[in-house]
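Open the model in your viewer and keep the side chains ready to display, since this tour goes from one charged pair to the next. At each stop there is something to select and something to look for.

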Amino acid sequence: MSAGTGRPLVGARLTIVLAVVLLVPFGFKLATDTEPYPALVFPAGPGVVTTRDGIVQYDALELYGADASGELQQIDPVQFLEPIPTHYLRDLADSEFGTLEGDDLTVRVRRIGWTLSLPRPPVSDADREATRSWLGDRLEAVGLERDELVVRRVRIAADADDGTEISRETIEETVIDV
Amino acid sequence: MSDFTAWYWGRVASAVRVPDASLGVFRWIVGLYLLLFSAPHFAWVDDMPRGLFDPPIISLGYVVGRFPPAPALLLLDVVAICALLAMTVGWKTRASTIMLVACRLIGGSFIYSFGKIDHDILLTALLLCMALADWGRFYSLDAQHRPTERGEESSRRTQQGLALFATAVAFGFLTAGLPKLFGWVDGNLETSGVLRWLYNGRESLGRDQFFGGAVSGAPALLLESADYTTALLEIAGFAALLWSYRSWRVFLAIVTLFHLANILILNISFGAQVVTYLAFVNLCFLRPAMQRTWLKISAVTLAVLAAAWHIVARIGNFESQTVLVSTFERHREITLYVGIGVCAVVAALLFRDAWSRSGSAQTADTEPAVSSGESSVRYSAES
């Protein structure tokens, strides 16, 4: 504190409120892997890829739809999702683009194992049907049939020196009936 | 507790201070940047099917339980854009800034209800802190109804707003750095966090512009060093903030260069975030330009036209936050290029400010210059 009246720039009470506002959401995220909104949290992305014997392995998501002859064609996610930002793809795929009948939302505290279950916001059959119809429209918009959307999780092996792809293996495939 | 509070805010105040008038210039820069490249855009959610609704478990979105009925978010866009315009030109600046904060929080609660939260909260925090700092006192319509101030001092209000914002910045980086510290700093040359961001973005999201390809073949030691440097840089914010006026600006300048590397390698735009760091730059060197009538008229005209374009675009269903651009993907590309320029300019200004005469003088101070009472710090003409 400097010379003067002795009044700090921000008082103790507001400092405590600020600490709570900053620390509680971040602590919640660290403890449960669930991020509240709003929260003053920056993206961390603490995961890693592993390189062994000059080969780097990583996973990726791919979208496919059938053309008029029934052949699966890969879809550009940017074009397919517009106006939804492309980086929402992974989370949308997790929920099978809103067609999945989900269980309750569960928050689990790491290590301790406490769980909190809350009901998922209700989505009616009509809403789910409307979502399928929307997916069909998106498929048609990129020149494909509106029957199905295929989401593939692939594991890619690439040369660590120049990034050249060596192999690509499908590790999970989900077919969403549209 | 009160001793710690006084010590903490005293240190922070001495590190962040800028003249009051600088915030007036800063408001114009933030306002025009947002109007041109990052305007509020929530209306696209009006057209989304309800099945995609997947809000964070603790959020307004979860409480509401569904996307609002159309055209609620279109109306929110119109209100937010009008608030942004009013804030930029300085008409009822505090109220319009708070209105924009409210719109961003409400809109964010729904655009982040697709399972993914984007981390643009720092801009919202800045707006809140600047409303507290009353950044409408200079170069604003509000200023015409106030007694003339010289603005060469750093008043208590200015320092409160800046101190709170600096704390938010340092804390934000800590939240990114701590998890990386435990994930990336592993002493294992076979793992890489940087490569994970690179490959994920490139393969799934088509982020393959600029120099990402060059990183693929980088030596393992270099990649491991990049992981360590990133984690350590991100947790260093509070140390830099509490150390001195200069170290805080050097930290922000290095972070800005780190954002630049992110744009060039990972193709993730940080333009809007980097602009917020200008809060800590003494922008009074732009004051002579701000006095010129033709520039005032041009800036107001540009702001009004940009706001009008956005409102028309929202009604016309153009999906972009960038003025004169109609698709999200084109907006993303443009903000990458704009971000490169913004990062370069902001880093240069932060380095310049760190070694300016006022910065040097303040670094030499062992006592915080201002932490109490209604006092304020007067700036020399050179600062």
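Begin by selecting B:Arg137, which is buried at 5% relative accessibility in what is a predicted model. Add B:Asp20, also buried with a relative accessible area of 5%, and you will find the two joined in a salt bridge whose closest N and O atoms are 3.3 Å apart. Because B:Arg137 sits in the loop between α6 (121-133) and β1 (153-154) of chain B while B:Asp20 belongs to helix α2 of chain B, the pair ties together parts that lie 117 residues apart in sequence.

Next, select B:Arg50 together with A:Asp127, whose side chains meet in a salt bridge with an N to O distance of 3.4 Å. This pair crosses between chains, running from the loop between α2 (20-37) and α3 (60-64) of chain B to helix α4 (residues 125-141) of chain A. On the chain A side, A:Asp127 is buried, its relative accessible area being 15%.

Now move to A:Glu62 and A:Arg168, which form a salt bridge with the closest N and O atoms 2.1 Å apart. The two residues link distant parts of the chain, A:Glu62 lying in strand β2 (residues 55-66) and A:Arg168 in strand β7 (residues 165-177) of chain A, 106 residues apart. Is each partner buried or exposed? A:Glu62 is buried at 4% relative accessible area, whereas A:Arg168 counts as partly exposed at 35%.

Finally, extend that selection with A:Glu165 and B:Glu203, which are linked with A:Glu62 and A:Arg168 in a network of salt bridges. Over all chains, the structure holds 25 salt bridges.

Note on methods. Residues numbered from 1 in each chain as written. Chains lettered and ligands numbered in written order. Predicted model: local features only at pLDDT ≥ 70, side-chain atom pairs only at ≥ 80, totals over all residues. Heavy atoms only, no water. Salt bridge = Lys/Arg side-chain N within 4 Å of Asp/Glu carboxyl O. Helix = DSSP H or I, 4+ residues; strand = E, 2+ residues; numbered from the N terminus. Buried < 20%, exposed > 50% of the residue type's maximum accessible area, 1.4 Å probe, protein only.
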